[in-house]
Amino acid sequence: MTAPLVIFDLDGTLVDTAPDLIASLNHTIAAAGLAPVTYADLTHLVGQGTRVMIRRAFELRGRHIGDDAIEPLLDRFLEHYKREMPGSSRPYPGLTEALDRLSEAGANLAVCTNKLEELAVPLMEKLGLLDRFITVTGGDTFPVRKPDARHILGTIERAGRRADQAVMIGDSINDILAARNAGIPSIAVTFGYSDVPVAELQPDHVIDHFSELTTSLVDRLIGAGQAATAAQA
Ligand SMILES: O=C(O)COP(=O)(O)O
Ligand SMILES: [Mg+2]
């Protein structure tokens with residue numbers, strides 16, 4: 001079997017960024033007089049990038065915000081988030097061991113996140129993760145983002161690989177839908193920021209800890225995907 005391409009989501013999958021997202025979001029919306037949001041709120045707000053997160057925070061408080069009004073608030077968020085980076089954000093337990101395991105077995109690793117590239121890349125760099133991945137694509141890398149299949153397919157192309165060699169690992173509906181739309185298998189993690197239990201999203205597999213992310217699991221899911229495609233042909 002050719003070496004797999006293992007594609008990871010970032011926020012809520014590779015790295016626990018919630019405390020810093022909440023701090024920067026609350027700093028941002030305080031400027032508009034909005035009350036601070038909590039971790040429970042964040043699971044409904046995060047997933048579609050910073051602009052959508054700000055808009056959803058306004059909706060949560062019963063306020064509408066137009067596209068033009070978001071831009072200065074986005075700048076306020078970016079300035080705060082970049083200044084504090086990496087703040088208290090840390091890779092999830094067992095991540096580095098899992099990445100070592102996969103790399104030693106010959107897998108290629110990539111990141112497909114809806115976070116802006118200008119935040120995703122330096123965050124990963126500061127956490128010592130960047131060099132492990134052959135490509136990192138963000139929510140603004142292509143004209144579309146997850147759950148659009150083209151975000152994942154574009155990531156696979158940048159990695160120089162094919163869709164039938166890839167698996168997607170994520171924490172939210174955007175990841176599982178994007179994988180389904182791209183026709184690749186998915187693994188959901190239970191420790192991220194989904195607003196529903198991830199099993200309800202019907203991923204191909206669910207893990208509670210990175211110790212469960214083994215090369216045999218990855219090979220099995222990719223092999224099953226290839227078998228299903230062959231059966232349809
Ligand atoms: O920051 C977001 O809104 C989403 O980021 P993710 O795609 O890495 O989960
Ligand atoms: Mg995520």
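The following chat goes through the fold, the domains and the ligand shell of this structure.

Reader: What kind of model is this?
Author: This is a predicted model, in which local features need pLDDT of at least 70, side-chain atom pairs count only at pLDDT 80 or more, and totals for chains, interfaces and linings use all residues. Residues are numbered from 1 along each chain as its sequence is written, while chains are lettered from A and ligands numbered from 1 in the order in which they are written.

Reader: How many helices and strands are there?
Author: The protein has nine helices and eight strands, counted as DSSP runs (H or I, at least four residues, for helices; E, at least two, for strands) and numbered from the N terminus.

Reader: And how is the protein divided into domains?
Author: The assignment, which is automatic or from a database, gives domain 1 (5-16 + 90-232) and domain 2 (18-84). Their centres, taken over C-alpha atoms, are 25 Å apart.

Reader: How many residues does each domain bring to the contact?
Author: Domain 1 brings 13 residues and domain 2 brings ten residues, where contact requires C-beta atoms, placed from the backbone, within 7 Å.

Reader: Turning to ligand 1, which residues come nearest?
Author: Leu-10, Asp-11, Thr-113, Asn-114 and Lys-115 come nearest, out of 13 residues around ligand 1; a residue is near if its C-beta atom, placed from the backbone, lies within 6 Å.

Reader: Which domains supply that shell?
Author: Domain 1 and domain 2 each supply at least three residues to the shell around ligand 1.

Methods: Contact = placed C-beta atoms within 7 Å.
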